[in-house]
Amino acid sequence: MKRFPKILAFALALALALAPLSASADRLRQNGNVWDGSIAGSFAGGSGTEADPFLISDGSELALLAETVNGGDECGGFCFALATDIVLNDTADFENWSENYRPENFWHPIGGSAYSFRGSFDGRGHTVSGMFACATNGTKLGLFGSAEDTVIRDLSVIRSCVLGNSDAVGGIIGAAEGVYIIGCGFEGTVCGTRSVGGICGSAGCCYITDCSAQVNISAFQYAGGIVGIAGVTALSGCEASGTIDANDRVGGMIGYALVGCSAVNCLNGAAIDCGEYAGGIAGLGHNTEVSYCENLADITAERYTGGIFGLCCGSSADHCANRGDISGEYYIGGMIGWADDGADFGQTGAYDTVNCCSNSGRVSGEWGVGGIAGDAHFLIVTDSFNTGLITAEQYAGGLIGYAKDTSASRCYNVGRVRGDNSGALFGRNSAVNVTAENVYYLDRACAGGDAFGTGERDGLFCSEEGYEGFDFGGVWFIDPETYYPYAQIIGMPDGPALPESSGDLNGDGVVSVYETIMVLRSAMGLITLSEEAIQYADVDIDGRITVADAVMMLRFSMGI
């Protein structure tokens with residue numbers, strides 16, 4: 001499932017599609033295609049039925065829809081469709097738009113605090129560009145301020161800016177209730193107080209499918225690349241890129257996922273900088289299911305920080321992967337920062353589960369840092385592994401930094417683990433009521449090893465014989481033709497990255513060109529490496545130091 005090129009293609013397509021807009025803004029204005037701020041008296045055609053929707057062909061007709069809904073006619077049962085691309089403002093300088101530097105035309109959202117859009121809207125693959133929505137009075141903001149019991153599909157809002165000192169701020173919809181959002185995209189800036197998202201600010205009982213956001217988001221709390229806050233809402237096939245900055249509850253897909261949310265086949269590439277509760281998919285997930293999702297971005301927060309969940313309770317991650325670097329101070333994990341036992345949510349014994357997941361990013365912090373979870377209470381981990389470098393001042397583990405009432409089975413760690421009270425699998429002296437079955441670690445991963453698992457050298461990790469109890473053919477496989485010969489999981493979003501333990505001769509967490517040269521010189525017989533360096537230099541694990549090892553290290557150090 002190769003999905004990362006898709007987000008690159010999305011960005012490239014946007015760049016190609018958007019480049020002519022600024023260059024031809026004067027021509028568009030001369031032709032009357034840039035909105036002049038007026039409101040039309042009628043639509044371009046149609047009778048409002050599904051077969052014959054009201055057609056919207058310019059900004060004035062789109063403004064007519066907004067005026068109609070905001071005047072009290074919520075358009076229930078009527079259908080609308082774009083007949084062409086619409087330009088609301090000259091977008092030549094849209095990256096610099098702000099409260100103090102505004103384009104000519106303001107956009108007043110379709111629906112808001114008093115009324116909601118209840119018709120259906122089909123973008124037919126067209127774009128709305130140059131939208132500038134700005135309010136300081138708590139207004140719900142987006143192309144649609146509020147929408148209920150409707151379908152909005154095949155619409156892209158690009159080169160746009162949404163600024164609100166308010167809750168429920170989104171690129172497409174501020175607040176959505178019972179809405180199907182299908183095939184929509186947003187590109188630009190979205191800022192708000194709470195519940196801020198690239199597609200939707202707040203969502204209840206919604207389905208959001210095949211949507212993309214290339215967005216820079218800033219908020220006080222509850223910020224997500226797709227949705228800021230959501231309840232009983234399902235995401236599938238969504239992607240986010242850009243940056244997200246907020247105080248707490250920030251996620252690449254959903255900032256705050258309340259009871260009954262799910263995300264399937266989603267990809268986050270948006271870098272996150274947050275105070276607490278930050279996750280590549282969900283910042284905080286309560287009874288939330290995440291499957292076949294992937295995080296590629298770096299995530300930084302003071303505490304409760306993870307590649308999939310920042311904090312979760314009664315939630316699950318299945319066939320998920322983290323590739324980004326995860327860093328902070330307390331409770332930092334490749335998959336989950338803090339796996340809660342339910343106490344913080346008025347529950348007891350609410351188990352979280354991680355199944356068929358992997359982390360290859362670097363995970364670092366001060367206390368409670370792990371390749372799968374930083375701090376785990378009532379967590380079950382099955383058929384998962386870590387290859388990333390794990391570092392902490394206290395309690396670092398290749399799987400879990402600090403564990404209580406937790407179990408792991410058919411898991412392994414080959415990433416280095418560093419820090420006081422560290423363990424190759426679990427942070428030393430931190431495991432309370434922990435069980436481990438068929439759990440393995442690379443014998444050089446951690447100086448102290450681990451009492452809960454079995455340490456093995458590289459050779460055993462390259463064959464099925466080294467993984468007792470693992471289901472090869474159903475769950476796991478080994479591909480000897482790749483540069484990653486350790487066991488991999490069938491159906492993962494993408495192949496794992498080169499393990500941090502390979503090629504990093506000096507243990508600084510980076511495979512450098514200098515180290516590549518050392519390996520090359522060793523392969524040519526010009527220098528002799530130490531025994532430990534030889535273990536890390538044998539990247540393809542064939543028992544020899546060769547030019548092939550140096551070439552693989554060079555490609556990795558260059559990001560190719």
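In this predicted model, Ile-229 stands opposite Tyr-256, a residue of strand β20. The pairing behind this position joins strand β17, residues 227–231, to strand β20, residues 254–257; the two strands are parallel and share three bridges. Strand β20 also pairs with strand β23, residues 282–286, again in the parallel sense and through three bridges. In that second pairing, Ile-254 faces Ala-282 of β23. As a general point, the side chains of a regular strand alternate between the two faces of the sheet.

Ile-254 also appears among the contacts of Leu-235. Neighbours within four places in sequence aside, Leu-235 touches Ile-208, Ile-226, Val-227, Met-253, Ile-254, Ser-262, Ala-263, Val-264 and Cys-266. Leu-235 belongs to the largest nonpolar core, which has 112 residues. It is one of the residues with the most contacts inside that core, together with Leu-65, Trp-107, Phe-121, Leu-155 and Ile-173. Helix α3, residues 59–70, supplies the largest share of this core, with six residues. Apart from this core lies another one, of 20 residues, including Ala-321, Phe-385, Tyr-467 and Val-475. In soluble globular proteins, nonpolar side chains tend to be buried together.

The cysteines come next. A disulfide is a covalent bond between the sulfur atoms of two cysteines. How many disulfides does the model have? The count is zero, with two sulfur atoms required to lie within 2.5 Å of each other. For Cys-161, the nearest cysteine sulfur is that of Cys-191, at 6.4 Å. Because that distance is not within the 2.5 Å cut-off, Cys-161 is in no disulfide. Cys-161 is buried, with a relative accessibility of 2%. Cys-274 is buried as well, its relative accessible area being 6%.

Some buried residues are polar. Thr-193 sits in the loop between β11 (185–191) and β12 (194–197). Is Thr-193 buried or exposed? Its relative accessibility is 17%, so it counts as buried, the limit being under 20%. The side chain of Thr-193 makes a polar contact of 3.2 Å with the side chain of Asn-165. Beyond its neighbours within four places in sequence, Thr-193 is in contact with Gly-164, Asn-165, Ser-166 and Asp-167, and also with Ala-219, Phe-220 and Gln-221.

Asp-458 is another such case. Asp-458 is found in helix α4, residues 458–461, and counts as buried at 11% relative accessibility. Its side chain is joined to that of Arg-444 by a polar contact of 2.8 Å.

Ala-343 gives a contrast with these buried residues. Ala-343 lies in the loop between β32 (336–340) and β33 (352–355). With a relative accessible area of 56%, Ala-343 is exposed, because exposed means over 50%. Along the chain, Ala-343 and Cys-313 are 30 residues apart, while their C-alpha atoms are separated by 9.0 Å.

The last element to follow is helix α5, which covers residues 513–523. Which residues of α5 are buried? They are Glu-515, Thr-516, Val-519 and Ser-522. Viewed down the axis of α5, these buried residues fall within an arc of 120°, so they line one face of the helix. Just after α5 comes Gly-525, which takes a positive phi of about 80°.

How values were computed
Residues numbered from 1 in each chain as written. Predicted model: local features only at pLDDT ≥ 70, side-chain atom pairs only at ≥ 80, totals over all residues. Heavy atoms only, no water. Pairing = 2+ DSSP bridges. Helix = DSSP H or I, 4+ residues; strand = E, 2+ residues; numbered from the N terminus. Buried < 20%, exposed > 50% of the residue type's maximum accessible area, 1.4 Å probe, protein only. Arc of directions from axis to C-beta. Core = buried A, V, L, I, M, F, W, Y, C linked by side-chain atoms within 4.5 Å. Contact = heavy atoms within 4.5 Å. Polar contact = N/O pair within 3.5 Å; in protein donor to acceptor, adjacent residues only side chain to side chain.
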